[in-house]
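Welcome, and please take a moment to turn the model around on your screen. The paragraphs below will lead you through it step by step.

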Amino acid sequence: MNPSEAPSTVPPPRKARRIPGWAIGALGVAGAVVLLSTTSYLTGVPQLTSTGTIQTAVRLALPILLAALGGLWAERAGVVNIGLEGMMIMGTWGAAWAGYQWGPWAALVSAAVFGALGGLLHAIATVTFGVNHIVSGVAINLLGAGLTKYLSTLIFFPLSSNPRESPSVPKFDTYSASGLSDWLGSLEAQQRVGLSDVAGILRGLVTGVSPLTMLAIVLVVGSYLVLWRTRFGLRLRSCGENPVAAESLGVNVYRYKYAAVIASGALAGIGGAALVLNPGQPGYLEGQTNGRGFIGLAAMIFGNWRPGGLLGGAALFGYADGLQLRSGGKTFLALVYGAVLLLVVIVIWQLVRRRWFAAAFGILAAGLLYAVYYSVDEVPSELTTYAPHLVTLIVLAVASQRLRMPAADGVVYRRG
Amino acid sequence: MGMLRGKLLPPVLAILFSALLCGIALVVSGANPLRAFGVMLSQIGQGTTAVDIVNSTGTYYIAALAVAIGFQMNLFNIGVEGQYRVAAVVAAVVGGSIVLPPGLHALVIILTAAVAGALWAAVPAILKVTRGVNEVISTIMMNGLALGLAAYLIGSDVFGELRGNNIRTPEIPHSGWVPGISFGSSGTVFGLVFLAALLGIGYWVMMNRTRFGFELRASGESSTAAAAGGVNAKKMVLIAMLLSGGIAGLVSMPEILGRDHTYNLNFPAGIGFSGIAIALLGRNHPGGIAFAALLWAFLDKSGLALDNVQVPREIVTIMQGAIVLSVVVAYEVVRRFELAAQQRQVGRQLGTVDAA
């Protein structure tokens with residue numbers, strides 16, 4: 001055989017990224033703001049960008065963001081963590097238990113510890129014993145729910161005389177950039193196109209900020225720096241891409257996986273604390289997480305296993321949630337209109353790139369959504385709650401070829 | 001002997017270990033574990049508990065079968081939870097709005113449920129074969145959507161009607177009911193519990209006596225070998241998922257056609273996830289699943305008696321979770337142990353061959 005005909009085993013050179021990641025992020029944020037203010041202008045629904053909506057959105061995005069971050073840590077080390085939900089539930093209980101006695105900071109620490117315990121269990125099962133990751137995750141969800149119910153009947157019941165609820169937990173004080181906030185408020189009140197929308201969004205972000213929000217942002221940035229800019233992170237990620245190669249280079253794969261999954265549990269636990277310490281909630285409530293661990297997982301997938309991406313995913317899901325909670329199904333319909341606008345932009349882009357099939361598909365989808373917008377008065381609240389699930393399914397269906405999860409994600413690795 | 005040891009020892013160990021763990025938890029929280037277990041055992045004879053356990057076993061058995069079909073080929077249908085819920089709503093709505101002679105009516109409802117469950121499972125199946133979407137993620141998302149769809153469909157301006165402070169679908173007329181076997185004051189065994197048994201037999205025949213079952217197991221043992229043997233992987237995924245969804249659709253049929261005759265807000269949640277645990281404990285074997293379903297139902301129903309001795313009954317849920325986790329660990333440990341033993345044996349034999 002002619003050697004030149006042998007199939008090449010050398011991967012094609014990667015195209016250099018022309019635009020750096022932060023610029024894509026900034027473009028995305030700018031695009032989202034433009035889209036929202038245009039929608040708000042065209043539909044005449046100012047609540048889309050009002051301070052209150054954004055504040056609620058931030059509060060609701062926090063647990064999702066933290067769970068997603070937990071998922072990122074585990075999956076980057078190659079361990080699929082379906083147990084996020086269970087670890088989050090344990091976090092809510094831990095937060096309430098320490099919180100009502102010693103205040104919000106203790107709640108945070110305790111939630112992280114309880115979540116980390118769940119993570120430790122997951123690590124023991126998946127890493128040491130090589131149990132299938134999904135199976136272990138499902139078991140941890142069952143166990144987390146059972147354990148918290150048992151403990152709250154045992155400990156909270158005598159205090160709150162309700163086995164499903166903890167005594168109320170003190171919350172964090174919130175901080176506002178007072179001068180800036182007032183100025184933005186007056187700008188928002190003027191109802192100028194575009195400007196007021198930006199002001200409303202910014203004001204929502206700088207008014208009544210809880211230390212928890214700041215902590216979450218620090219954790220996102222910190223996770224990025226640790227995972228992508230340190231030796232430890234490189235090794236951790238190598239365990240998720242090719243554990244055999246990592247081991248051959250002297251990386252203790254088991255230890256890194258343990259560290260990652262325990263960190264994952266701790267982050268999910270803090271996510272649970274974010275629910276308990278939400279000013280709108282008295283404290284621990286049974287069924288409080290309501291599948292948010294799974295939505296966190298969805299946000300992570302939406303964000304393509306990257307910290308910036310999952311921040312976007314959590315923001316989107318939190319925003320949809322906040323809009324629904326704050327101003328109901330009528331306003332949510334404006335978001336459908338926004339989706340139509342977004343699709344129109346995408347269709348034009350596809351036409352420019354001469355991708356006729358994708359464009360035709362986009363036109364069809366946009367037409368369908370517009371028909372929904374035109375014919376319905378408001379989106380039933382039962383359905384809006386599950387918008388994140390639908391969005392994730394659509395993203396998976398449309399972009400699954402472009403998403404890239406760690407190569408050895410979910411693969412049981414055994415040393416030897 | 002060795003085979004039996006490998007198959008039976010892990011679940012027994014896991015159950016004992018979990019019981020021990022829960023016993024310790026009870027002691028720590030100041031209760032007497034022996035008394036608690038005693039109360040649970042004696043509860044079987046009380047009131048309708050025995051019949052409740054049988055009914056519940058049937059429901060769990062169907063759910064676990066649905067999961068097991070996927071497990072046979074390493075397909076994780078986490079979506080049984082959503083599939084049975086959607087199927088229940090659709091079947092209840094259809095059953096409540098059509099008029100048919102007795103017998104045929106029930107049959108139509110059951111078929112509707114199976115088709116609805118299969119269609120709900122078709123979405124992740126199609127996404128998997130056409131777009132390569134991982135079924136675990138898509139079925140989790142479908143579970144969420146199922147909750148939303150069910151809540152929407154029983155809304156009072158769609159199909160639901162308000163009764164007291166409960167919302168429910170229109171009641172299925174008498175012709176659609178499936179009679180049970182009454183034990184007087186001890187309750188009534190749902191007629192469709194026998195459907196569960198029938199499904200179990202069908203499952204065994206399919207797995208062990210049909211080409212499809214063989215191909216399914218072959219795909220699970222080694223997908224590459226199966227593909228080399230001419231098994232169409234995509235077709236297998238599609239059929240296995242639809243079958244799994246169809247069976248999942250039947251999960252709530254015994255209850256709806258035997259007792260409730262409607263879908264309402266008190267619809268039980270979490271049976272799909274229990275089904276996963278039960279299928280794991282029973283190792284996808286129809287007999288093993290039956291035993292595991294019985295254990296699950298016993299823990300559920302007898303656990304209610306724990307409140308009488310001031311023990312939170314949620315200890316039972318902890319025990320169930322502990323059983324799942326410890327049983328999979330036990331299987332893995334035994335598998336490794338046997339693998340090592342096998343390697344030693346082969347090594348010894350080769351060694352003797354060399355020496356001779």
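How many helices and strands make up the secondary structure of chain A? The count is 16 helices and 0 strands. Please keep in mind throughout that this is a predicted model. Chain A has 416 residues, and a compact globule with that many would have a radius of gyration near 22 Å; chain A has 23 Å, which agrees. If you look along the principal axes of chain A, its C-alpha trace spans about 80 × 65 × 40 Å. Buried residues make up 49% of this chain. You can also ask how far along the sequence its contacts reach: taking the contacts in chain A with a separation of 6 or more, residues 24 or more positions apart account for 77%.

Now turn to the partner. Chain B has a secondary structure of 14 helices and 4 strands. Its radius of gyration is 22 Å, close to the 21 Å that the globule rule gives for 356 residues, so chain B is as compact as a globular protein of that length. The C-alpha trace of chain B spans about 85 × 55 × 35 Å along its principal axes. Of the 356 residues here, 52% count as buried. Among contacts in chain B between residues at least 6 apart in sequence, 77% join residues at least 24 apart.

Next, find the place where the chains touch. There, 36 residues of chain A are in contact with 36 residues of chain B. On the chain A side, four helices each supply at least two residues: α5 (133-160), α12 (292-302), α15 (381-384) and α16 (387-399). Which of the helices gives the most to this side? That is α5(A), with 15 residues. By class, the side of chain A that touches chain B divides into 24 nonpolar, 10 polar and 2 charged residues.

One of the helices at this interface, α12(A), is worth a closer look. Is α12(A) largely enclosed or largely open? Its 11 residues give the reply: 11 of the 11 are buried, so α12(A) is largely enclosed by the rest of the structure. Among these buried residues are A:Phe294, A:Ile295, A:Leu297, A:Met300 and A:Phe302, and A:Arg292 is buried as well. What do they pack against? Within chain A, the buried residues of α12(A) pack against α2 (51-76), α3 (84-102), α11 (253-276), α13 (307-352) and α16. From across the interface, α6 (135-153) of chain B joins that list. Just after α12(A), you will find A:Asn304, which takes a positive phi of about 60 degrees.

Let us go back to the start of chain A and its helix α1. A:Ala23 sits in α1 (residues 21-43). This residue counts as exposed because it has 11 C-beta neighbours inside 10 Å, and the cut-off for exposed is 12 or fewer. For a sense of scale, compare A:Ala23 with A:Arg237, 214 residues apart along the chain: their C-alpha atoms are separated by 24 Å.

Follow α1(A) to its meeting with another helix. Two packed helices are described by the angle between their axes and the distance between the axes. Here the axes of α1(A) and α7(A) (residues 195-206) come within 9 Å and cross at roughly 120 degrees. That angle makes α1(A) oblique to α7(A), and the crossing is right-handed. Which residues meet there? From α1(A) come A:Val33, A:Leu36, A:Ser37 and A:Ser40, and from α7(A) come A:Asp197, A:Val198 and A:Ile201. This contact has 4 nonpolar, 2 polar and 1 charged residues.

To finish, visit two loops of chain B. Most residues other than glycine have a negative phi, and most peptide bonds are trans. B:Arg283, in the loop between α12 (271-281) and α13 (286-302) of chain B, has a positive phi near 55 degrees. Is B:Gln310 buried or exposed? With 9 other C-beta atoms within 10 Å, B:Gln310 is exposed, whereas B:Arg283, with 17, is partly exposed. B:Gln310 lies in the loop between α13 and α14 (315-355) of chain B, and its phi is also positive, near 60 degrees.

Methods: Residues are numbered from 1 along each chain as its sequence is written. Chains are lettered from A and ligands numbered from 1 in the order in which they are written. This is a predicted model: local features need pLDDT of at least 70, side-chain atom pairs count only at pLDDT 80 or more; totals for chains, interfaces and linings use all residues. Two residues are in contact if their C-beta atoms, placed from the backbone, lie within 7 Å. Ala, Val, Leu, Ile, Met, Phe, Trp, Tyr, Cys and Pro count as nonpolar, Asp, Glu, Lys and Arg as charged, and the others, Gly among them, as polar. A residue is buried if 20 or more other C-beta atoms lie within 10 Å of its own, exposed if 12 or fewer, and partly exposed in between; C-beta atoms are placed from the backbone. The radius of gyration is taken over C-alpha atoms; the globule rule is 2.2 Å times the number of residues to the power 0.38. Axes are lines fitted to C-alpha atoms, for helices over the stretch in contact, and angles run from 0 to 180 degrees between N-to-C directions. Angles under 35 degrees count as roughly parallel, over 145 as roughly antiparallel, 65 to 115 as roughly perpendicular and the rest as oblique. A crossing is left-handed if the near helix is turned anticlockwise from the far one by less than a right angle, and right-handed if clockwise.
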